[in-house]
Amino acid sequence: MNRELALEPVQLAGDTRRAIRKTSTGKIKIFGHSKSGSVVRATMLILLALAVLGFLTFDYKNVDFSAALAKTWRNIQTVFIQPRLARGTFWGAMGQLLVTFCLGALSTIFGAVIAFFGSLLCARNIANASVAALSKSIVAVVRAVPTILWVLILAVSAGLGSVAAVIGLTFHSAAYLIKAYAESIEEMDQGTIEALRASGASYWQIVFQAILPSSISYMLAWTFLRFEINFTNAIAVGAAAGAGGIGYDLFMAGSFYFDLRELGYITWLVVVAVIVLETLATKVKAKVK
C-alpha cells in the first residue's frame, strides 16, 4: 500500500507534464484551447478579412488621400484651435446650453421615478417570476429602439418641440434605468427581505426600509450616468426634434452655415459642460456613499 501511495504522486506529475502545453522555446502557454476561444478568433479573422476586402473593393472615385488627409487636419485645427462665436453671444450660447441641460435633467428625473417603480416588477427576488419575465421583455423591447427614433415617433403625435424630446428621452431612460435598478435590487441580501417578511413588514415597508437604503448608492450612480447620456442625447435631438438648445446651434453651424470656428466654439462649450457635470456627479456620489 505504501508502494502504491509512493507511485501515485509520480503518476499525477507525469499526467500534469503531459497536459501542459509549451511553446517552441520551452515557455508554458497560458492560454488554453476552447471552443469559445476558437469561435472568437475565427469571428475576428472573418471580420478582418471582410474589412480588408471592403477597403480593396471600395469605389474611391479617384480621391487624393494625401490631399484629403491634409484638408482634414486643417479642419481639425480650425475647429479646436481657432474657435470663435460669429453669430451669437457667449450668454446666448449659455442660455441654449441651459435648455439642453434642462431637457436632459427632466427626462432623467421622470425616467428615474418611473424606473424605480418599474424595477420592483422586474427584480426576481421581490416580484412574481412571471411578472418579472414579462416586465423584462417589455423593457428590453423599449430599450432596443434608439432614443432618437423614440423622439421622432413621438414627434408625430406631440409635434416637433421640447415635449416630444422630453417624452422620447424619458422612454429610453426609464427602460435603461429599470434594468439597472432591478439588477441592483437583485444583488441585495435575500436574508434581509425574508427577515422583514417574517416580522410582519408590509411590501412597501420592505421597499422603503430595506431595498431603497441598500440600493440607493448604486441607483444614484446609474442615474447620474444616464443623465450624462441624456445630456448628450439632448444635443442630438435638439435639431432632429426641433427642441432647440445647443444642439440646434451646433447643427446650424455645422450644416447650414458651415462655420468651423463657431462649430469649434460650441464643441468646447459642450466639452467643458460635460466635465463639470462629471465632477459634480462624482462629488455627489461620494457624499451619498
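**Close-up 1. Helix α11 at the largest pocket of this predicted model.** Let's start with the main contributor: α11 gives the most to the lining of the largest pocket, supplying 6 residues. This helix spans 260-288, and α4, covering 90-122, also provides at least two lining residues.

**Close-up 2. The residues around the largest pocket.** If you would like to find your way around the wall, look for M94, L97, L98 and F101, together with F231. The rest of the lining consists of L269, V272, A273, V276, L277 and L280. The space enclosed here comes to about 230 Å³. What classes of residue make up this lining? The count is 11 nonpolar, with no polar and no charged residues.

**Close-up 3. The second largest pocket and its lining.** Here you will find about 160 Å³ of space. Its lining includes L85, R87, G88, T89, G92, A93 and Q96. Further along the chain numbering, D249, M252, Y257, E262 and I266 also take part.

**Close-up 4. Helices and residue classes at the second largest pocket.** Which elements give two or more residues to this lining? They are α4, α10 (246-256) and α11. The largest share belongs to α4, with 3 residues. Sorted by class, the lining of the second largest pocket holds 5 nonpolar, 4 polar and 3 charged residues. For a handy side-by-side look, recall that the lining of the largest pocket has no polar and no charged residues.

Note on methods:
Residues numbered from 1 in each chain as written. Predicted model: local features only at pLDDT ≥ 70, side-chain atom pairs only at ≥ 80, totals over all residues. Heavy atoms only, no water. 1 Å grid on protein atoms, 1.4 Å probe; cavity = no way out; pocket = protein on both sides within 12 Å on 5 of 7 lines; lining within 4 Å. Points joined across faces, edges and corners; volume = space filled by probe spheres on them. Helix = DSSP H or I, 4+ residues; strand = E, 2+ residues; numbered from the N terminus. Nonpolar A, V, L, I, M, F, W, Y, C, P; charged D, E, K, R; others polar.
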